[in-house]
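Student: I would like a close look at a single part of this model. Please describe one residue and its surroundings, and then the nonpolar interior.

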Amino acid sequence: AEFLIHLWKQPEFLNHFNRLQSDWSNPTELRSKLKKENETPVKLTRSCHWIIESPDKGPEGILSLVDISDVHSRAEVLIGVSADASFKTATGAMLLCFQFFFHTMRYEKLMSFIYPDNVHSIKSTLALGFRQEAMLRSHLVNPANNQRHDLIQTGILRTEAFNPRNQRLAKKLLT
């Protein structure tokens with residue numbers, strides 16, 4: 001809980017990760033929410049979350065699968081790392097996510113929604129083999145300031161996730 005609150009207090013983190021994130025600045029309330037979610041089957045929450053940890057640095061980010069659909073064999077992935085995380089952290093975590101999602105869960109499609117001003121995330125996502133599928137114009141309203149936001153929708157299929165470039169990256173980063 002404390003690590004998540006630390007991440008969410010970083011304005012740039014929330015600006016790129018999820019601008020609509022609820023205020024969970026109270027550790028006791030957040031711990032209670034996390035405990036309840038952890039005790040509820042994924043089939044009901046339709047989500048699961050992991051803290052990304054580095055062996056030498058400890059917690060560095062979060063990776064979530066949300067809107068998990070058994071019927072459609074797909075989910076949305078959200079990933080965010082702290083400002084001081086290694087450049088390899090998010091890439092390695094996403095490659096591990098591919099293994100889990102496509103091999104263990106045996107799902108077919110992983111989607112990501114990215115704010116257009118998050119240029120680094122767009123480049124990284126496309127470099128991993130995601131394809132831009134849509135530009136969702138004025139798609140979200142931020143209740144904090146009533147501003148509308150566009151989103152870029154990307155997706156990757158099981159058949160695309162283990163391309164030669166990703167296999168080389170996995171060998172380099174995960175062994």
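**Asp150 and the nonpolar cores**

Tutor: Asp150 is placed in strand S6, residues 147-157 (strands are DSSP E runs of at least two residues, helices H or I runs of at least four, numbered from the N terminus). The model is predicted: local features need pLDDT of at least 70, side-chain atom pairs count only at pLDDT 80 or more, and totals for chains, interfaces and linings use all residues. Residues are numbered from 1 along each chain as its sequence is written, and side-chain values use heavy atoms, leaving out hydrogens and water.

Asp150 counts as partly exposed because its relative accessibility is 32% (buried means under 20%, exposed over 50%, partly exposed in between, with a 1.4 Å probe and protein chains only). Not counting residues up to four places away in sequence, Asp150 touches Tyr115, Pro116, Met135, Leu136, Arg137, Ser138 and His139 (contact: heavy atoms within 4.5 Å). A polar atom of the Asp150 side chain lies 2.6 Å from the backbone nitrogen of Ser138. Between Asp150 and Phe113 the C-alpha to C-alpha separation is 9.7 Å, across 37 residues in sequence.

Turning to the interior, the largest nonpolar core has 21 residues, and Leu65, Val77, Phe98 and Leu110 have the most contacts inside it (a core is a set of buried Ala, Val, Leu, Ile, Met, Phe, Trp, Tyr and Cys residues joined through side-chain atoms within 4.5 Å). At least two residues of this core come from each of strands S1 (48-54), S2 (58-69) and S3 (74-81) and helix H5 (87-104). H5 gives the most, with 7 residues. A second, separate core of 12 residues includes Leu4, Leu7, Trp8 and Val66.

Key. A polar contact is a pair of N or O atoms within 3.5 Å; within protein, one must be able to donate a hydrogen and the other to accept it, and residues adjacent in sequence count only if both atoms are side-chain atoms.
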